[in-house]
Structure formats: structure tokens, C-alpha cells
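Visitor: I've got a chain open on my screen and I'd like to walk through it with you. Can we take it piece by piece?

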Amino acid sequence: RARPMELDLDRAARRFAKDTSARAKEAASKREKLRAEREATRAIAARREAAKAAEEAAAAAAAAVEAEHRAADLERNRGVYYSEQLRPILSRAAEERGIVRRCDKAQLPPSAAASLSDASHNGVAAFEISVPATGAATHATLLDFGAPEGAIGLPEPLLRGLNMLPAAAASTPAAASDADAASASGAPGEPSDASDLLPPLPVAVGGGGAHVSVRYRRLPRGSFARFQPVEQRFRLEVEDVKALLESELMRRTTLSVGDTILVGASLAAEAGGAAGGDSSAAGSGGGYALRVLALQPEPAVSLIDTDLEVEIDISLEEERNVAAKAEAERRAAEAAAAAREAAAAQAQAEAAAAAAVEAAEAEAAAAARREREERREAAAAALPAELSAGGVLLSIRCPDGSRCVRRLEPDAPLEAAFLLAEAGWVEQPGTAPLPPAFKLAAQFPRRVFARDGAAAVSLAAAGLGGAQEALLIELPSE
């Protein structure tokens with residue numbers, strides 16, 4: 001038996017070992033947690049470094065692209081460079097001053113004057129105006145430096161072409177009157193109040209509101225332009241296309257591929273004013289939209305002091321109608337081809353079915369002929385011997401008019417008459433073979449003999465015991 005002191009020592013040793021193990025596990029857990037925290041910290045730092053490096057690389061790439069664009073612009077523009085991101089505002093300054101070519105006149109901020117001081121030797125200063133958020137782009141020429149800093153004043157037609165014209169700025173008579181009244185109280189060429197500012201686009205550049213990219217461009221004089229009316233009514237309603245286009249192009253200084261210009265709207269307004277508001281003189285709808293499809297010598301040209309050759313393509317509406325008609329014809333042709341294929345497949349299936357039926361019928365006919373030959377041979381073998389004289393001269397007329405004749409004993413079984421018919425009649429080619437269920441008939445008086453029980457009845461007992469007896473074969477009805 002263990003003593004009490006030894007038991008106490010054992011318990012103490014176990015408790016010490018347990019406590020030591022728990023402390024070791026706790027220390028290991030703390031070390032693991034600390035290691036995980038250090039790894040997480042290093043991962044966060046690495047991600048931050050990678051993001052910073054990516055930002056620096058993107059900034060360097062953007063700077064390189066901008067430097068390349070700058071060099072290209074300087075060469076193209078004969079040493080003039082201007083590129084800014086500006087906030088577009090509605091400007092009616094050119095219209096208020098009575099400038100004829102007012103549809104694409106832009107106002108820049110005063111700070112742009114320094115960058116464009118050498119642009120005069122290139123003629124009228126022109127600019128490419130694009131919307132980074134949508135990719136829409138067009139061109140304009142300089143009106144003045146009357147826009148607020150950070151903004152560019154653009155006329156309504158140009159804003160409409162960029163899809164940036166707010167609904168409140170639509171050129172209704174009321175809106176125009178309000179704009180005239182507001183501009184009369186302010187400086188010429190400046191926005192009348194903050195309500196003229198355009199609303200932000202869904203995707204803004206640099207986290208701000210709606211901005212456009214403005215770059216100086218030296219434009220060549222245009223020599224050729226191809227337009228496409230949007231609606232078919234342009235061809236139907238416009239008689240003097242040349243005069244209508246000249247009146248509109250005289251209101252512009254530039255053209256860009258992708259522009260959509262509205263021709264006849266000003267004539268409609270004038271006709272409407274003269275006729276008490278009726279604008280039908282310039283076509284139903286008060287104007288015609290034309291798309292600029294092609295330009296020469298470049299995709300953007302100047303219209304100042306140039307003689308422009310013009311072509312008018314088929315309208316977009318007619319083009320779509322032609323395409324829809326072609327598509328309908330294609331679908332009809334495909335449907336007709338499919339119907340022909342289906343008919344051919346059906347005819348082929350019917351021909352195959354008919355061939356199968358014909359083959360089955362031919363096989364059945366061959367089988368019937370083989371069975372008939374077997375019955376003929378069996379009947380010939382079972383037929384009683386013919387008498388040389390006396391007895392009953394039995395004559396059986398066959399369906400083809402031929403006769404089977406044999407002299408038999410009067411007490412010969414009636415079955416002998418059926419055997420004679422089966423053995424003696426040879427069917428002509430194409431004739432159906434004699435079926436097993438045929439009957440024999442006597443004419444005067446009419447009697448019909450079936451084969452069932454014929455083996456047990458003699459010719460005499462059947463009433464066929466005379467010196468000569470005539471029978472005919474009767475085939476079973478269908």
C-alpha cells in the first residue's frame with residue numbers, strides 16, 4: 001500500500017506537468033498569432049508598394065503618352081501646343097454678336113491666350129473637343145478668351161453634337177428670350193449665371209464633373225465631304241440641296257467625320273415667323289439631320305475660304321429599309337430553301353417507304369409463287385391416274401380461259417377435281433397465283449363445291465358422275 005506522502009508527490013508532479021504543457025501551448029499560440037500578424041502586415045505593405053508602383057507606372061506611361069502627343073502636336077501645329085481638360089458651359093456669345101459662322105465658335109479662358117500666342121500664323125485657331133467619358137468628338141474654332149477659368153464656352157449646336165446639351169438649354173423661343181435677357185445684364189461672352197453649367201456626366205474624368213478635352217489643331221482646308229441624311233424625307237422634300245447645304249455650311253467653320261448637322265432649321269424658323277408659326281416651308285419636322293461620313297483631305301477640315309465638293313449618300317432610313325428588305329428576302333429564301341429541303345426529304349422518305357412496300361410486296365409475291373409451285377407439284381403427285389377410256393371426262397375452265405381435262409373414275413374423290421385444277425393450270429406471267437381457298441362450280445344447274453370435305457365425297461356422289469362434266473374455277477372475292 002502506497003504511503004500518503006508518495007501519493008501527494010505524484011499528484012503534484014502531474015499538476016506541474018499539466019501546467020507546463022498548458023503554458024507551452026499558450027506560448028506557441030501567441031507566437032503563431034504574432035507570426036500571422038507580421039505576415040499580414042508585410043502583405044499589406046507589399047500590396048501598398050505594388051499599388052504605388054502601378055500608379056507610378058501608369059503616371060509615367062500617361063506622361064510618356066502626353067509627351068508623345070505634345071511632340072506630335074508641336075510638329076503638326078507648327079510649334080503651337082495647347083491641351084486642357086475644361087468644364088463645358090453653354091455660350092451664345094457668337095449668336096448675340098451676329099457672327100454668321102457661329103455654330104462652332106468656342107470661348108476659352110484667359111489663361112489660354114499665352115499658350116496660343118503663336119497660333120496666328122496658322123490662321124484661324126481650331127480645336128479638337130472630345131468627351132473622354134463617351135468618346136464623342138468634334139472641332140471648333142476660337143471666338144475669344146471670354147470664358148471663366150477652367151471652363152470652355154460652347155454653342156448649342158456643338159453641345160448637341162457632343163450629346164451634352166441639358167434639356168433646360170433647348171433653343172425654344174422662350175429659352176432664347178430668357179438667355180437674351182440674362183446676357184444683356186452681364187458681360188458679353190460670359191455665362192449669365194450658374195444655371196448654364198452642364199450637369200455632370202455619369203462617368204467623370206478625374207473624379208470631377210463633366211469635362212471635355214480641348215486640344216489645339218491646325219486644320220487643312222476641306223476639299224470633299226460626303227453626307228448621309230438620317231431620314232428619307234430629305235430626298236423627297238428638298239429640291240435645292242446645294243442651296244440648303246451652303247446656307248448651313250456658311251454657319252460653320254469646321255467639319256468632322258462623325259458630326260451630325262441640322263440643315264434647314266434656321267429656314268424653318270424664318271418661314272414659321274413669316275407664316276405665323278407654320279414651319280412646314282422647310283420640311284415637316286423643321287429641319288433635316290445629316291451625318292458627316294467622309295472628308296478630304298483629313299477626317300477634320302476647315303470650311304473657311306474653301307471650295308467643297310459634296311456628295312449625298314442614300315439616307316440612313318432608306319439604308320436600313322434596304323437592309324431590312326434584304327434581310328427579309330434572305331429569310332424568305334432560307335425558308336423557301338428549308339421548305340424545298342423538307343419537301344425533298346419527305347419525297348425521299350415517301351419514295352423509300354414506297355420502295356419498302358414494293359419490296360415487301362415483291363417478296364410476298366415471290367413467296368406466294370414458291371408456295372404455289374409447291375402446291376402444284378404436290379397436286380400433280382397426288383392426282384389419280386388418268387383412265388384411257390370410260391369414266392368421267394372432267395373439264396375445268398381456268399380464270400384465263402384455258403382448260404384442264406382428265407378422265408377419272410366416277411368413284412374418285414371430289415378432291416381429285418381440286419388437284420386437277422391446281423396441277424393443270426399454269427398462270428400467265430403477271431397473273432396472281434391460284435390461292436388455296438378457290439372453289440369449283442357447275443353451271444347447269446349451278447352448284448358450288450368447296451374443298452373442305454371434298455376428300456370424303458366421290459365425284460358421283462357430288463353429282464359429277466356423267467360421261468362428261470364441266471366445272472370452272474371460282475376465285476375467292478376480296
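Visitor: In what order do the strands run in the 4-strand open sheet with mixed pairing?
Guide: Bear in mind that this is a predicted model. The edges are strand S9 (260-263) and strand S12 (309-312), each pairing on one side only. From one strand to the next the twist averages 35°. Reading across this open sheet, the order is S9-S10-S7-S12.

Visitor: Which residue is the bridge partner of alanine 225 in S12?
Guide: Strand S7 (residues 224-229) and S12 pair in the parallel sense, with 4 bridges. Strands of a sheet pair through backbone hydrogen bonds, either parallel or antiparallel. For alanine 225, the partner in S12 is valine 310.

Visitor: What angle does the direction of H7 make with that of S9?
Guide: H7 packs on that sheet and touches S7, S9, strand S10 (288-296) and S12. Set against the direction of S9, the direction of H7 comes out at about 115°.

Visitor: Which residues of helix H7 (residues 241-249) are buried, and how wide an arc do they cover around the axis?
Guide: The buried ones are Leu244, Leu245, Glu248 and Leu249. They sit on the same side of H7, because the arc they cover around the axis is only 125°.

Visitor: How many residues of S6 are buried?
Guide: Take the two directions in turn: Val212, Val214 and Tyr216 point one way from S6, while Ser213, Arg215 and Arg217 point the other way, and all are buried. In a regular strand the side chains alternate between the two faces of the sheet. S6 is therefore largely enclosed by the rest of the structure, with the buried count at 6 of the 6 residues.

Visitor: Which residue stands opposite leucine 86 in S6?
Guide: S1 and S6 run antiparallel as a pair, joined over 4 bridges. Opposite leucine 86, in S6, stands valine 212.

Visitor: And what is the bridge partner of serine 130 in S6?
Guide: S3 and S6 are also antiparallel, with 5 bridges joining them. In S6, serine 130 is partnered by serine 213.

Visitor: How many aromatic pairs does a search of the whole structure find, and is the pair of tyrosine 82 and phenylalanine 127 stacked or edge-to-face?
Guide: The search turns up 4 aromatic pairs. For tyrosine 82 and phenylalanine 127, the ring centres are 6.2 Å apart and the planes stand at 80°. Planes over 60 degrees apart count as edge-to-face, so this pair is edge-to-face.

Visitor: How many residues apart in sequence are the parts that this pair ties together?
Guide: Tyrosine 82 lies in the loop between helix H1 (4-76) and strand S1 (83-90), and phenylalanine 127 is in strand S3 (residues 126-130). Both are buried: tyrosine 82 has a relative accessible area of 5%, and phenylalanine 127 is at 1%. The parts tied together are 45 residues apart in sequence.

Visitor: Which residues form one aromatic cluster?
Guide: Phenylalanine 127 also pairs edge-to-face with tyrosine 216, their ring centres 5.8 Å apart and their planes at 80°. That pair links distant parts of the chain, with tyrosine 216 in strand S6 (residues 212-217), 89 residues from phenylalanine 127. Tyrosine 216 counts as buried at 0% relative accessibility. The cluster is made up of Tyr82, Phe127 and Tyr216.

Visitor: Which are the edge strands of the 5-strand open sheet?
Guide: The order is S14-S13-S17-S15-S16, with mixed pairing, and the twist averages 25° from one strand to the next. Two strands pair on one side only, which makes the edges strand S14 (403-408) and strand S16 (447-449).

Visitor: Which residue in S14 stands opposite serine 395?
Guide: Strand S13 (residues 392-397) and S14 form an antiparallel pair over 6 bridges. Facing serine 395 in S14 is valine 405.

Visitor: Where does the pLDDT stay under 50?
Guide: Across the protein chain the average is 84, and 85% of the residues score at least 70. Where pLDDT is low, the predicted coordinates should not be read in detail. One such stretch has 43 contacts beyond four places in sequence, and another has 16 contacts beyond near neighbours. Those stretches are residues 168-208 and residues 270-284.

Note on methods: Residues numbered from 1 in each chain as written. Heavy atoms only, no water. Buried < 20%, exposed > 50% of the residue type's maximum accessible area, 1.4 Å probe, protein only. Arc of directions from axis to C-beta. Phe/Tyr/Trp six-rings, centres within 6.5 Å; stacked < 30°, edge-to-face > 60°. Pairing = 2+ DSSP bridges. Axes fitted to C-alpha atoms, helices over the stretch in contact; angles between N-to-C directions. pLDDT = per-residue confidence, 0-100. Contact = heavy atoms within 4.5 Å.
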